[in-house]
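Trainee: Could we go through this model together? I'd like to start with the strands and then move on to the packing.

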Amino acid sequence: MSTTTAARIHPTAAALSSTIKHHLLLRPSHRRHVVFRNNTSFSRRPMLTMASAPTPLQVCVKSSITVPNKLGDCPFCQRVLLTLEEKHLPYELKLVDLANKPDWFLKINPDGKVPVVNLDDKWIADSDIITQILEDKYPEPPLTTPPDKASVGSKIFSTFIGFLKSKDPKDGTEQALINELSTFNDYLKLNMLNSFQGPFVNGDQVSSVDLSLAPKLYHMEIALGHYKSWSVPDSLPFLKSYIKSIFSRDSFTKTSALKEDVIAGWRPKVLG
């Protein structure tokens, strides 16, 4: 998505019933903490005062097609949620059934695509635009990736899709994916061994390029494992270590789709 749409949201009671709220709870103590809660769990964040705590952002995302009231399998939605989590921003999920889009959602974004986030009373679409606005509006902690590193791993997702959809094992799509993964593995290796930096693209700290790439690697791992019985080769140890590191982050585990949703989400492309 590349357009933005401004609108007010007035969801029906039925629409609101599918909302997952991340509430701010203040506990009575000398050192107050803000607790972010969803429908299944909660986690503690760094201390914020009521004056400094931002109003929870409304975020429209894909809903699960396998389990009611769960986050769906959109990697672009997860990228936005990862950014919010890493910046410790409170948010309120509005789960959208993309197979049966409600009227209130189409009023917000006639294109009918997710993610969409309400920022300064405007509904903003496109994960590229959303994450850049979040970086500008909430610069701490910084997630900016230097320009010379911003395109690292950028071709992995498209080559993964090509291999996933392929019906001919000799058409070169698997090798194309391996080539892209090998290039990324070599980058991580040089980062670790020559610059003594890691484990992420920009060194010790996670950045925007990691938050964009990680959900795509998650989909790649699950979909290719299920439909092709394929996994990342052991000859790419730096890539495997990277995947393990970023998948184990609290922000990632909190925003990951169910494996069943990832499998179901890619089924139409596999079956053609």
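Trainee: In which sense do strands S5 and S6 pair, and over how many bridges?

Mentor: Bearing in mind that this is a predicted model, strand S5 (residues 57-62) and strand S6 pair in the parallel sense, and the pairing runs over 6 bridges. Within it, Val59 has Leu93 of S6 as its bridge partner.

Trainee: What unit do S5, helix H2 and S6 make?

Mentor: Together with helix H2 (residues 75-86), the two strands make a β-α-β unit, and that unit is right-handed.

Trainee: And how many residues of S6 are buried?

Mentor: Strand S6 covers residues 91-96, and 6 of its 6 residues are buried. Both faces are covered, with Tyr91, Leu93 and Leu95 buried on one side and Glu92, Lys94 and Val96 buried on the other.

Trainee: Switching to the core: which residues have the most contacts inside the largest one?

Mentor: The largest nonpolar core has 41 residues, and those with the most contacts inside it are Phe160, Leu177, Phe184, Met220 and Tyr242. The elements that give two or more residues to this core are helix H5 (156-165), H6, helix H7 (208-227), H8 and helix H10 (259-271), and the largest share, 10 residues, comes from H7.

Trainee: What is Leu177 in contact with, leaving aside its neighbours within four places in sequence?

Mentor: With those neighbours left aside, Leu177 is in contact with Ile156, Thr159, Phe160, Phe163, Met220, Leu224 and Trp230. Apart from the largest core lies another one, of 28 residues, among them Cys77, Leu81, Leu89 and Val116.

Trainee: Now the rings. How many aromatic pairs does a search of the whole structure find?

Mentor: The search finds 11 aromatic pairs. One of them joins Trp104 and Phe105 in an edge-to-face arrangement, at 6.2 Å centre to centre and with 80° between the planes; both of these residues are buried. Phe184 and Tyr242 also form an edge-to-face pair, at 5.1 Å centre to centre and with 90° between the planes.

Trainee: Why does the Phe184 and Tyr242 pair tie together parts that are apart in sequence?

Mentor: Phe184 lies in helix H6 (residues 173-193) and Tyr242 lies in helix H8 (residues 237-247), so their pair ties together parts that are 58 residues apart in sequence.

Trainee: Are those two buried or exposed?

Mentor: Phe184 is buried, with a relative accessible area of 2%, and Tyr242 also counts as buried, at 1% relative accessibility.

Trainee: Last one: which residues do ring pairs link into a cluster?

Mentor: Ring pairs link Phe76, Phe157, Phe160 and Trp266 into a cluster, and Phe160 is also among the residues with the most contacts inside the largest nonpolar core.

Key
Residues are numbered from 1 along each chain as its sequence is written. This is a predicted model: local features need pLDDT of at least 70, side-chain atom pairs count only at pLDDT 80 or more; totals for chains, interfaces and linings use all residues. Side-chain values use heavy atoms; hydrogens and water are left out. Rings of Phe, Tyr and Trp (its six-membered ring) pair if their centres lie within 6.5 Å; planes under 30 degrees apart count as stacked, over 60 as edge-to-face and the rest as tilted. Buried means under 20% relative accessible area, exposed over 50%, partly exposed in between (1.4 Å probe, protein chains only). Helices (H or I, at least four residues) and strands (E, at least two) are DSSP runs, numbered from the N terminus. Two strands pair if DSSP finds at least two bridges between them. A crossover is right-handed if, with the strands pointing away from the viewer, the path from the first strand over the helix to the second runs clockwise. A nonpolar core is a set of buried Ala, Val, Leu, Ile, Met, Phe, Trp, Tyr and Cys residues joined through side-chain atoms within 4.5 Å. Contact means heavy atoms within 4.5 Å.
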